[in-house]
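Colleague: Before I use this model, I'd like to hear the reasoning behind the labels. Can you take me through them?

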Amino acid sequence: MNRRIFLLLGIFTVLAAGLRADEFKFPLKADSVRFAVIGDSGTGEQPQYETAQQMLKARQAYPFEFAIMLGDNIYGSSKPADYDKKFAVPYKPFMDSGVKFYAALGNHDDTNERFYKPFNMNGESYYTFKKGNVRFFVLNSNYMDPKQLAWFETQLQSAGKSDWKVCYFHHPLYTSAKFHGPSLGLRKLLEPLFIKYGVDVVFSGHEHVYERVHPQNGIYYFTEGASGSLRPGNLARSAITDKGFDTDRTFMLIEITGDEMYFQTISRTGDTVDNGVIHRNIRR
Amino acid sequence: MRKKRKVPYRRLALLVVLSLAAAGTLAGQGAVPNKEQTDDAAALKRFTVRVDQYVKFRNTIEKQLPALKNKEELPEMIAAHQQALARKIREGRPNAKTGDIFSSDVREAFRHVIRGVFQDPHTAVAHTIFQQQKEAQTVPLKVNGVYPDAVAETTFPSMLLQKLPTLPDELAYRIRGRDLVLVDKKANLVVDLFHEALP
């Protein structure tokens, strides 16, 4: 009897999850901020190209305006031909239609990528930009020296209190992936600032999986490090994992409107592997 | 009849000892630095002076090259600028050798800083370094040589960066195995090496 109930409950849960994924719709509000998230993308190999194709397909239904890159944008050699093979060619259709990319540097990136125009870094390895009511802070987690930390705090202080504060960089502060694990030194330096100045969401890569972590001190952490590279089965789901996926490449789509952030994570084959809405707690 | 209260002599003695120890610690914080600390401070100052001299030199050279505009560069232009800058720097300091900037006194001071950070178990530096040493490929480095771009650029432990002298934007520390490397970022050139800096 119990087994039957559990079986029915299981089937119901799977169906509900499936329906939810299929039915997920972005609100597409007129004044919303829409973007895509890719991380650890720059392999130049077939899976990166296929994931980019899927992202292009997704853009027909959800016209995002720009994309953020979480580092490891160009793996290995970074000769001019590599910029083409590992970035410019797979993402050409996006750039042709006006989608801008804003890159963070990963541990496999040449620091001179900051001068590459399509990465919109303006020669800086850490920088900030604003879209609508969202302030983005792009950090260089390869090299978190006191100068960068001081800059970050100044930028946080001067950011509008009503703005969303979205921070992204390569190394995750929280992750259940096994290969590298969380960056504890960085966490010790950055988390107090996140908390003090009300950072809402943090995106990182480095671990070649997708993971949404249970909010830590009220902050949402996503790892999207599988838009090109993948470490299958590397996610050791833990108490902090709200959702994880480590069997294929992924990218994320985001819409921020008012105090809500809608997100959808899509695999290379077009399946929705995660979605939801985040309601932020504004600290005025 | 009122019971006479026993004086807890042992506890009192312990309290006195602890207070004295605390006072000693506090006094130590404001104490005059010892010889090692003075020597280290002087060495780190010399390091900073040498770094500033190098930056002044390489900036003079870079000004002679066509400017790298931050917003308009093609990969070919970035690579050409990097190679030209590296070549000019090499020509400008043909006799540069290991230890020019990381002289023995500077190495000693750096060792003390690094040891201090490694002793703190909360920094997780040791773990990070261990991971990176496993990943590091054996690529021989030399002063005035190119820092290889085809290998993962090891992430510099952030807690260690908080303790080492902060470098100007033109330079960065790198870790390769157990070596500490001073790199010119735009030229992607090894400026100096400190072999076996890490424990």
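Modeller: Sure, starting with a definition: a helix axis here is a line fitted to C-alpha atoms over the stretch in contact, and angles run from 0 to 180 degrees between N-to-C directions. Keep in mind that this is a predicted model. With that, α5 (residues 146-158) and α6 (residues 184-197) of chain A pack at an angle of about 10°, their axes 10 Å apart.

Colleague: What makes α5(A) roughly parallel to α6(A)?

Modeller: The cut-off for roughly parallel is under 35 degrees. The angle is about 10°, so α5(A) counts as roughly parallel to α6(A).

Colleague: Which residues make that contact?

Modeller: From α5(A) you have L149(A), F152(A), E153(A), L156(A) and Q157(A), and from α6(A) there are L189(A), L193(A) and Y197(A). By class they divide into six nonpolar, one polar and one charged.

Colleague: Over in chain B, why are α2(B) and α3(B) called oblique to each other?

Modeller: Helix α2 (residues 35-63) and helix α3 (residues 75-92) of chain B pack at about 130°, with axes 10 Å apart. Roughly perpendicular covers 65 to 115 degrees and roughly antiparallel needs over 145. An angle of about 130° fits neither of those ranges, so α2(B) and α3(B) are oblique to each other. Their crossing is right-handed.

Colleague: What residues make the contact of α2(B) with α3(B), and how do they split by class?

Modeller: On the α2(B) side it's F57(B), R58(B), I61(B) and E62(B); on the α3(B) side, L85(B), K88(B), I89(B) and G92(B). That contact has four nonpolar, one polar and three charged residues.

Colleague: What about α2(B) and α4(B): at what angle do they pack, and how far apart are their axes?

Modeller: The angle is about 115° and the axes are 8 Å apart, with α4 spanning residues 104-119 of chain B. The crossing is left-handed here. The α2(B) residues in contact are D39(B), D40(B), A43(B), L44(B), R46(B) and F47(B), and they meet D105(B), V106(B), E108(B), A109(B) and H112(B) of α4(B). By class that is five nonpolar, one polar and five charged residues.

Colleague: Now single residues. Why is D200(A) called buried?

Modeller: The cut-off for buried is 20 or more other C-beta atoms within 10 Å. D200(A) has 24 such neighbours, so it counts as buried. It sits in the loop between α6 and β7 (201-204) of chain A. Leaving out residues up to four places away in sequence, D200(A) touches W164(A), K165(A), V166(A), I219(A), Y220(A) and R280(A). E224(A), which is 24 residues from D200(A) in sequence, is 17 Å away C-alpha to C-alpha.

Colleague: And how do you know that A86(B) is buried?

Modeller: A86(B) has 20 other C-beta atoms within 10 Å, and buried takes 20 or more, so A86(B) qualifies. This residue is in helix α3 of chain B. Its contacts, not counting residues up to four places away in sequence, are V146(B), A187(B), N188(B) and L189(B). The C-alpha atoms of A86(B) and N144(B) are 8.0 Å apart, while 58 residues separate the two along the chain.

Colleague: N188(B) just came up. What is its phi, and is N188(B) buried or exposed?

Modeller: Phi of N188(B) is near 55°, a positive value in a residue other than glycine. N188(B) lies in the loop between β2 (179-184) and β3 (189-194) of chain B. Its count is 21 other C-beta atoms within 10 Å, so N188(B) is buried.

Colleague: How about H206(A): where is it, and what makes it buried?

Modeller: H206(A) is in the loop between β7 and β8 (210-216) of chain A. With 29 other C-beta atoms within 10 Å set against a cut-off of 20, H206(A) is therefore buried. Phi of H206(A) is near 75°, again positive in a residue other than glycine.

Colleague: Zooming out, why call chain A as compact as a globular protein of its length?

Modeller: Chain A has six helices and 13 strands. Its radius of gyration is 18 Å, and the globule rule gives 19 Å for 284 residues; the two are close, so chain A is as compact as a globular protein of that length. Of those 284 residues, 48% count as buried.

Technical notes: Residues numbered from 1 in each chain as written. Chains lettered and ligands numbered in written order. Predicted model: local features only at pLDDT ≥ 70, side-chain atom pairs only at ≥ 80, totals over all residues. Helix = DSSP H or I, 4+ residues; strand = E, 2+ residues; numbered from the N terminus. Rg over C-alpha atoms; globule rule 2.2 N^0.38 Å. Buried ≥ 20, exposed ≤ 12 C-beta atoms within 10 Å, placed from the backbone. Left-handed = near helix turned anticlockwise from the far one by under 90°. Contact = placed C-beta atoms within 7 Å. Nonpolar A, V, L, I, M, F, W, Y, C, P; charged D, E, K, R; others polar.
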